[in-house]
Structures are given as structure tokens and as C-alpha cells.
Amino acid sequence: MKNTEGKKKIYIFDSTLRDGEQSPGFSMNLNEKLRMASQLEKLKVDTIEAGFAVISKDDFESVKSIADKIKDCQIASLARSLPADIDAAYEAVKNAADPLIHVFLATSDIHMKYKLKKTPEEVILQTGEAVRYAKKYCSNVEFSAEDATRSDPAFLLKVFKAAIEAGATVINVPDTVGYAYPAQMTELITYLKNGLDLSHTLVSVHCHNDLGLATANSLAAVAAGADRVECTVNGIGERAGNAALEEIVMNLFTRSDYYNAYTDVDTQNIYNSSKMLTILTGVKVQPNKAIVGKNAFAHEAGIHQHGMLENRNTYEIMTPESVGRIQAEIVLGKHSGKHALEAKIKELGYAPDDGQMIVLFERFKKLADRKKSISDEDIDALARSIFSRHSSDMAYRLIDYKLNSGNIVGNTCQVRLKKFSSETVTGIALGDGPIDAAFSAINNAVKEDFTLLNYSIEAVTGGTDAQGAASVKISFKDSTFKGYGVSMNIFEASIYAYINAINNALAAKTEEVEKRNDER
Ligand code: KIV
Ligand code: ZN
């Protein structure tokens, strides 16, 4: 497809909710996945790979819910080249406006011999069978040759021929272990394009970042004629991750002169998509990360600042505005009103509803009374703590707490919590430290056994009046839940985070019970 300037469209296939979500530390519950999928729809990616339907009941449910809800993107489910996987994938995506079944099978000698225990001939046969089977359900079928870049190119060509003859509408070349180098990708894509009949089939690439080359390899493939790139927001994914969506899109945007290509992605939604993912997963991006890192558009050196003041093009190859990072113009303080806060919060990439705005304004006023200068980071941390809340009838709210700690006394804590529209509950506990005492007191008040898996606290800004931002991960009935809290008092921030995680856990368990009852 070409636009009016004769530039070629590059399709963006987003795998944040599949390759990204399956990697350690990035798991999301159904509600979180739906929020991320809506954001990806706003970002205007072409395809959302919503998950791997056959893997578990939860995975199936989330792919299905995304397929039911998102109507402006193609929705894909991954499937091994097996009938049961393909059945599940189709069941999950069949209500999508534009469904895609994505089947894969490994083609490298090492994978065929040790993992699949199949001969190359058997792999060719299984490829054709799997694509034909998927094709009975769905006109859009993608075939991925896992570990393609470590496969014999002549054999790979035969496998892709079988896939195309069976009706594959996309053939995907994964650099599964991040082993390729850009010139190799150029050569491989050129070889495949010359050897295949691609009149009804797109060529896609899927590069991992083990040697830091995922973006470079994907772009080398595009320059050699690939039509589609598989990538993830913030580059999350297995091990060192996948090619970062923001890097792929902004390379094609900034250097469209070289690639002679464009994407349909709304670049101004890049920053809030990145931010949404960090909020949902609790994993931040490094400050120097291209496009979305905190310092990506910051100019510190005097010589650079001087150049920027004279002409922004001296040191700026793309504007922060082009990725939705608006220059801070509104400075907030204790006299600021709700409208100024609302403008700031939108500037930071959030879209609060009325209820969230009321809570945010209350917390902002309290902070403004205690802290002289309120930075964007302060507002961001407050917003994040409110956005990570689950609004549910099960929600507990902190009324007050008393904490005793020191090096000549034991650690004890008493907390009082208000259960939504219900009674006040109290818990008291001793602990090995003040946080241990506080969390045990909350467990006693709620009368459930939550296990703390992870806890961290960091200062939101510099200075002794900085807010503390606490993140916790707990396990409850075989599932894990995250919580986040901020306060100028680090113990209070920790208590907020723990209560937030508990509310998320109880809400998820209530939803599960309600769903089971509905199914009966
Ligand atoms: O990395 C990989 O090979 C994959 C495939 C399933 C596309 O994720
Ligand atoms: Zn992958």
C-alpha cells in the first residue's frame, strides 16, 4: 500500500500483550490488559496480538475479551501448529472485527532436532497442515518460522512456500534469540522476497534484543522490503525484549526520506502508551531510553542548551510534541485550582474520569499544603497511585495507623481500615521491622493471608521533602497482584501500596467468583 507521496505503508503488529506480557515481571490481569488494548487502539497499531489462547483459561479469556471489545485493530492469538491450539485461538478471536490466527513452528536444525524431534520433511508437512487448518476458520493466517535467522535459508524458503501454498497471508521471520545482524537481515529478506510468490502475502519480521540489535535488525528488514514489523511498547518481551514500537515508528517517521515508508501509528499517543504500560506493570523505563525515557529530550550540557536556544534543530531531530510529550508550561502550587491540575494531568498523558479527578484533587491539595514546590514527578506519582486503584465494593481504605519503631523498642503497628460502605476493622501486629509490622497488622485487620513477594520504595524527587513512592507485589490464592502508593511519609506510602495490592487481589477474586456463578 502506498500513500499520496508514494511512500510504502509498514504495518505495525503489537505484541505487548503476548510476547511482552509473557516475560517475567510484566504480567497483567484482565482489567489491565483491556486498558492496554484500548490504549493500543488509540495508538492506531494495525494488529494487537492479544495473547496465546490455549495456554490457560485466563489467557483465553483475555484474548476473547480484547477481541470482543476492540474494533479498530486486527486481533491476533498465537497458536502452535497443532489443531487444539488453533481451535482455541479461533474461539478466542472469532468475534473480532478483523481476526488473525498466528501459527508458528520452529525451522532451525537445533530446534527441530532437540525441541520438536522432527525431520525437516515433517516440519514442512506440519506447516502446510497447520495453515490449512487455520484457514478453514479464518481468512487471515500468519505463519512464523521460529528461530528463522538460525535456520538454513534454503530450507526456510521451502517452509514458507508450503505456508503460502496453504494460504498464509503473512509469513513472519523471527530472530527468536536475537542472534542476527542487520546485514544478515537485509540478505535474508532479499533472498525470501526473490524466491517466494508474495502476491497475496505480507513479509513480517519479529526481532529480539539479546544483542541490542532488535530495532536495527527490524529496520534493515524494512529497508530490504519487509512489509510489517512485530514490536512491543517500551521494547518489553522475552529476555532482553523485542524491538521497541516507539523506536520502529519514530525511525520510520523521522527518516521516512531514507525508508520511503510510513506507518499509521498516531505518534502523539506514543508517550502515554509507554506511560500506561509502566503504570500497569509497575516497571519503569530507563531514563536514557530512546523516545520515552525521562532524559530522551533533556539537554543538560551548556553548549547544547545554547544551541537549542538559538535553533532547536541544532540538537533535536524530532520534537517531544511529536510523541505526545508536551513541554511543561503549567507550574502547580497550593493556589492552583482543579482546571490547572486537570490540564497538567492531561499534559502528563493521563485521561482521568470525574471520580478519579476528585480524588486526585483532594490528594493534590493535601500535598500542596505540605510541600513548597510541586513537580511534574509529584503529580505523576499521585496520579499513578490513583490510577492503579481498583474501584470495587471490596475496597479497603486507610483511616489511621500508629507505628512504633526504634533501636531501643520493638516494632509494632496498629491500623484501622474502613471497608467500603461497611464496618471499620482494626489490626495489631509485631514485626521484624516497621514495614513488616504494618503489613502484618493489615493482614490481621483484613483477616486474609497475603504473602509479600516484592517491596520497593523510592524518592519521587530530590530533597528532604520528597514524596516516597512504594511498590509492592503480593500473592493471594495462587495469583500475584501489584500495589502502588505515594506519600511524604514513607511508611504511609508503603501502607497505601499494600492496601492497593489487597484491593486489587480481592476485586480480582470477587470477579472470578461472579463469573463462575454466571457460568452455572
Ligand atoms: O520469538 C519468537 O520466535 C516468537 C514467535 C512465536 C513469533 O515469539
Ligand atoms: Zn518473540
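Here is a short chat about how domain 1 and domain 2 meet in this predicted model.

Residues are numbered from 1 along each chain as written, with chains lettered from A and ligands numbered from 1 in written order. In this predicted model, local features need pLDDT of at least 70, side-chain atom pairs count only at pLDDT 80 or more, totals for chains, interfaces and linings use all residues, and side-chain values use heavy atoms, leaving out hydrogens and water.

Reader: How many residues of domain 2 are in contact with domain 1?
Author: Domain 1 covers 8-281 and domain 2 covers 338-387, with bounds from an automatic or database domain assignment. Counting contact as heavy atoms within 4.5 Å, five residues of domain 1 touch domain 2 residues, and those number six.

Reader: What area do domain 1 and domain 2 bury between them?
Author: Buried area is the accessible area (1.4 Å probe) two parts lose on being put together, summed over both. Of that total, 54% sits on carbon and sulfur atoms, and the total is about 530 Å². On the domain 1 side, 72% of the buried area comes from Arg35, Lys275 and Ile279 together.

Reader: Which side chains meet in a salt bridge?
Author: The rule wants a side-chain nitrogen of Lys or Arg within 4 Å of a carboxyl oxygen of Asp or Glu. It finds one across this interface. At 3.1 Å, N to O, the partners are aspartate 380 and lysine 275.

Reader: Which helix gives the most to the side of domain 1 that touches domain 2?
Author: Helices here are DSSP runs (H or I, at least four residues), numbered from the N terminus. With four residues on that side, the top contributor spans residues 270-281 and is helix α12.

Methods: Helix = DSSP H or I, 4+ residues; strand = E, 2+ residues; numbered from the N terminus.
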